Amino acid sequence: MILVCELPLRGAGGEPVSFARTIHSHGCARLAPAELQDEPLGYRRSFRVGGRVVEIAMQERDGRLVAHAARKLRERDAEAIAKSIGRMFRLDDDLSPFYARIAEDEPLAWAAHGAGRMLASPSVFEDVIKTICTTNCAWSATIRMTQALSDLGGGAFPESEVLAGAPDAWYRDAARMGYRGAYVKAIARDVARRTLDLEALRDREILDAYVERKLLELPGIGPYGAAHVMQLLGRHRRLVLDSWTRPKYLRLTGKKRAADSTIRRAFARYGEYAGLAFWLYLTRDWIEDE
DNA sequence: CGTCCAGGTCTAC
DNA sequence: GGTAGACCTGGACGC
């Protein structure tokens with residue numbers, strides 16, 4: 001294996017990043033079994049660089065994230081992959097204010113040293129499309145759709161042009177996306193035409209309200225999808241409320257029922273990190289060590 | 001077999 | 001601004 005890059009596991013505020021406690025459910029791991037499998041030793045995912053698909057293995061070593069490939073890459077491609085990995089682990093995000101906030105917080109203090117990073121996709125486009133593939137269907141369907149997307153892309157997530165050019169029959173018969181197909185194709189078409197720039201939503205100068213509005217304008221993206229994608233953009237205020245998080249919240253709290261507004265109020269004290277606090281609260285049992 | 005529903009959204013009132 | 005009904009798909013049920 002050839003070393004591709006080595007990144008310090010530190011956030012933008014110098015805070016530690018726990019490789020093991022990175023939340024690999026949203027957006028990537030569970031949504032792309034062929035592209036990224038969670039393994040005891042690390043993550044594995046295919047990237048497209050220079051028109052080719054390269055599988056990269058990511059591991060933690062001495063507090064650093066090391067990425068390896070089967071063969072040597074061009075300098076330019078290795079840099080592109082390093083950039084993508086930085087985006088996946090959100091290393092440009094500063095979670096130190098959040099850690100300071102939860103340091104003395106009984107339910108979340110355990111997360112104050114490196115947990116809470118939400119594994120994202122290399123592109124916002126990919127996160128948006130995959131999020132649509134989680135809506136109103138079972139996980140098995142989501143897995144099927146993302147597997148088909150990966151196949152279409154030759155082993156990595158397809159570029160917008162490819163997705164925009166895929167025939168309706170592919171959406172119907174291969175991906176079996178149902179009514180979601182038209183939404184996905186419309187978004188891919190606009191991105192390919194450059195009339196829609198989803199990657200621009202990474203700009204930290206933009207207000208949450210604007211990002212949310214742009215996401216809600218997308219076909220197939222509603223309150224759940226917008227909240228989900230915003231988490232992956234490092235905008236952690238919104239709670240992801242869906243048919244998985246609601247019952248999980250009830251189970252953990254022992255409540256019989258709770259309106260969305262009640263759940264939001266329960267996490268309002270975390271301010272701009274309310275959504276992240278909610279997600280950590282719900283996924284604590286995913287993290288094996290303490 | 002029919003019905004329900006899963007990590008929702010859109011449209012029409 | 002709030003709320004029914006429809007919507008692709010397919011796996012889990014009940015009958």
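**Notebook: a protein chain and two DNA strands**

I began with the residues of the surface near DNA strand B, which divide into nine nonpolar, nine polar and two charged. I noted for every entry below that the model is predicted. In total, 20 residues surround DNA strand B, and the closest are Gly222, Tyr224, Gly225, Ser243 and Trp244. I then looked up which element gives the largest share of this surface, and found helix α9, residues 223-232, with three residues.

**Entry on helix α9**

I asked how many of the ten residues of α9 are buried. Eight are, and I recorded the helix as mostly covered. The buried residues are Gly225, Ala226, Ala227, His228, Val229, Met230, Gln231 and Leu232. Gly225 therefore appears twice in my notes, as a buried residue of α9 and as one of the closest residues to DNA strand B, with a cut-off of 20 or more other C-beta atoms within 10 Å for the word "buried". I next looked for what lies over these buried residues; the cover includes α3 (124-132), α8 (208-216) and α12 (274-283). After α9 comes Gly234, and I read its phi as positive, near 80°.

**Entry on DNA strand C**

I listed the residues that surround DNA strand C: Asn136, Cys137, Ala138, Ser140, Ala141, Arg172, Arg176, Gly178 and Tyr179. By kind, this surface has four nonpolar, three polar and two charged residues.

I followed Arg176 further. Its place is in the loop between α6 (168-174) and α7 (180-192). Arg176 is not a glycine, yet its phi is positive, about 50°. Is Arg176 buried, exposed or partly exposed? I found 15 other C-beta atoms within 10 Å, so I entered Arg176 as partly exposed.

**Entry on the hairpin of β3 and β4**

I turned to strand β3, residues 43-49, which is mostly covered, with five of its seven residues buried. Strand β4 spans residues 52-61; seven bridges join β3 to β4, and the two run antiparallel. As one pair I noted Phe47, whose bridge partner in β4 is Val54. The two strands form a hairpin with two residues between them. In the turn, Gly50 has a positive phi of about 55°.

Beyond β4 I looked up Asp62, found in the loop between β4 and β5 (64-69). Asp62 has a phi near 55°, a positive value in a residue other than glycine. Why does Asp62 count as exposed? I found 7 C-beta neighbours inside 10 Å, and a residue is exposed if the number is 12 or fewer.

**Entry on chain A as a whole**

I recorded twelve helices and five strands in chain A. The radius of gyration is 19 Å, close to the 19 Å that the globule rule gives for 290 residues, so chain A is as compact as a globular protein of that length. Along the principal axes, the C-alpha atoms fill a box of roughly 50 × 45 × 35 Å. Of the 290 residues, 40% are buried. I also looked at contacts between residues at least 6 apart in sequence: 67% of them join residues at least 24 apart.

**Entry on confidence**

I closed with the pLDDT values. Chain A averages 91, and 92% of the residues score at least 70. Over residues 26-36, however, the pLDDT is below 50. This stretch has 39 contacts in the model beyond near neighbours in sequence.

Definitions and conventions. Residues numbered from 1 in each chain as written. Chains lettered and ligands numbered in written order. Predicted model: local features only at pLDDT ≥ 70, side-chain atom pairs only at ≥ 80, totals over all residues. Helix = DSSP H or I, 4+ residues; strand = E, 2+ residues; numbered from the N terminus. Pairing = 2+ DSSP bridges. Near = placed C-beta within 6 Å. Nonpolar A, V, L, I, M, F, W, Y, C, P; charged D, E, K, R; others polar. pLDDT = per-residue confidence, 0-100. Contact = placed C-beta atoms within 7 Å. Rg over C-alpha atoms; globule rule 2.2 N^0.38 Å.
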